[in-house]
Amino acid sequence: MPPPRTRTRGTALRQRLAELRGPDVPAKALDARALAALAANPGCERRAILDGAGVDKATLADALGSPSAFGQSQFALTRGNAFEAKVKRDGGAELLRLVHERLDPGAAPPSRAAVPDLSAIGPEGRTARTALALREATAAAGTWTLLDHPMIALDVAGSPAFLEPDAVVVHPDGSWTVVEIKSFPMLDGSADPAKVGAAARQSAVYVLALEEVAARLDPAPSVRHRVLLVCPKDFSNLPTASAVDVRKQRAVTRRQLARLTRIQDIADALPDGTCFSPELPAEQLTAAVEAVPAVYAPECLAACELAFHCRDRSRAAGAVTSLGRSVRAELGGLTTVEDVLAAARGETGDPRDPAVAALRRAAQLRAEALGTMCH
């Protein structure tokens, strides 16, 4: 049982985050896709506090006048739900067959499998029920168990995030496998690498959360580093699957999540009365958002609902990050386009700085080339 001080601190943080959302505004759940995107940009305090407070960033972007094009269409969601239902029908017989075939062919075929009821009240209740089901399934050696939409928790910058993978399978040897079901097709046995990569990063978040659950058991069961990606085969609606190794994504995600500034620290640094409710006047809402530092990069356009707003502010400030992280890394201490141009012209900057020297050399070559062309 945690000490009273810890409980009080946790309660105070929850109250503070509720205040940041606004009165009577329900929290938006932080899912694995959002966590993977957050881990890819750990220096962005703006996204960390908004996601930690459960702010709906799409609604916020609309209120700021920079509506987002990020997210799945309703058609894609409906198609995905229908395909997932097909994969899991008959007690998940087809899904378990694919797990056996792709990941554990040496085990006994899953002719009969347990599918425990994971229903409970609230995310905390569902998380506890999932942990109990995993413990019982691990102890039942020699049997297959399918957990349909379990709920697992992962500590993110000092605040719990409740995650819901499509499925988790417990093998007869007691090991656990994450199953991710997507509606994009596998053509001739392979899928779009970008989409597979996104699914791998999302699955890596689930693996990390499951490892925390496994660590509380004695002995700790193995969480498999190969997850099962289930997709439609070719242009049909028939399921096929591929084993995806997520060790690299897991390591990167763990490292990046560890670098996140604690949500408590970000909240404490905000001015009193700060609120991100979309009902606020535009000027007040913009001031609240701008009170939290952001780290924009072009990659945000594919991962964050506030990307257009942050891009406009980044461009207005002349930040070199708007040109890409690789460009920013090459320029060292030169953080604005104005600084870069001044250094290239020889007006500012230490000539011993490799970035400054390279810029001046590039400017010299450009001037020589233009001079030659003029003559």
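**Close-up 1. The largest nonpolar core of this predicted model.** The core has 72 residues, and L35, I49, L154, V156, L163, W176 and F276 are the ones that touch the most other members. Helix α7 supplies the largest share of this core, 11 residues. A second, separate core is made of 17 residues, among them V99, L228, V230 and A241. As a rule of thumb, nonpolar side chains in soluble globular proteins tend to be buried together.

**Close-up 2. The surroundings of L154.** Setting aside residues up to four places away in sequence, L154 touches L35, L163 and L257, along with S159, P160 and A161. Its list of contacts also takes in V205, L208, A209 and E212.

**Close-up 3. Helix α6, from end to end and side to side.** This helix covers residues 122-139, and at 1.5 Å a residue its 18 residues should span 26 Å; the end C-alpha atoms are indeed 26 Å apart, so expectation and model agree. Buried here are T127, T130, A131, A133, L134 and A137. Those six cover an arc of only 165 degrees around the axis, which puts them on the same side of α6. Look to the other side of the helix for E124 and A139, which are exposed. As for packing partners, the buried residues of α6 sit against strands β2 (144-148), β3 (152-156), β4 (159-163), β5 (167-170) and β6 (176-181), and against helix α7 (193-215).

**Close-up 4. The open sheet and its edges.** Six strands make up an open sheet with mixed pairing, in the order β1-β2-β5-β6-β7-β8. At the edges are β1 (113-114) and β8 (239-245), each of which pairs on one side only.

**Close-up 5. Strand β5 and its two partners.** On one side, β5 runs antiparallel to β2, joined by 4 bridges; T145 stands opposite V170 of β5. Pairing between β5 and β6 is antiparallel too, again over 4 bridges. Here V168 has V178 of β6 as its bridge partner, and V169 stands opposite T177 in β6. Both faces of β5 are covered: A167 and V169 are buried on one side, V168 and V170 on the other. β5 and β6 form a hairpin with 5 residues between them, and G174 in the turn has a positive phi of about 90 degrees.

**Close-up 6. D104, a buried aspartate in a loop.** D104 is found between α5 (74-103) and β1. With a relative accessible area of 12%, D104 falls under the 20% cut-off, so this residue counts as buried. Its side chain makes a polar contact of 3.4 Å with the side chain of R224. Apart from neighbours within four places in sequence, the residues in contact with D104 are V99, W144, H171, P172 and R224.

**Close-up 7. Backbone oddities in three loops.** First up is a cis peptide bond from D218 to P219, with omega near 0 degrees; P219 is found in the loop between α7 and β7 (226-232). Next comes D24, a residue other than glycine with a positive phi, near 60 degrees. D24 lies in the loop between α1 (4-21) and α2 (32-40) and counts as exposed at 85% relative accessibility. H149, also not a glycine, has a positive phi near 50 degrees. This histidine has its place in the loop between β2 and β3, and at 25% relative accessibility H149 counts as partly exposed.

How values were computed. Residues numbered from 1 in each chain as written. Predicted model: local features only at pLDDT ≥ 70, side-chain atom pairs only at ≥ 80, totals over all residues. Heavy atoms only, no water. Helix = DSSP H or I, 4+ residues; strand = E, 2+ residues; numbered from the N terminus. Expected span 1.5 Å × (residues − 1). Buried < 20%, exposed > 50% of the residue type's maximum accessible area, 1.4 Å probe, protein only. Arc of directions from axis to C-beta. Contact = heavy atoms within 4.5 Å. Pairing = 2+ DSSP bridges. Core = buried A, V, L, I, M, F, W, Y, C linked by side-chain atoms within 4.5 Å. Polar contact = N/O pair within 3.5 Å; in protein donor to acceptor, adjacent residues only side chain to side chain.
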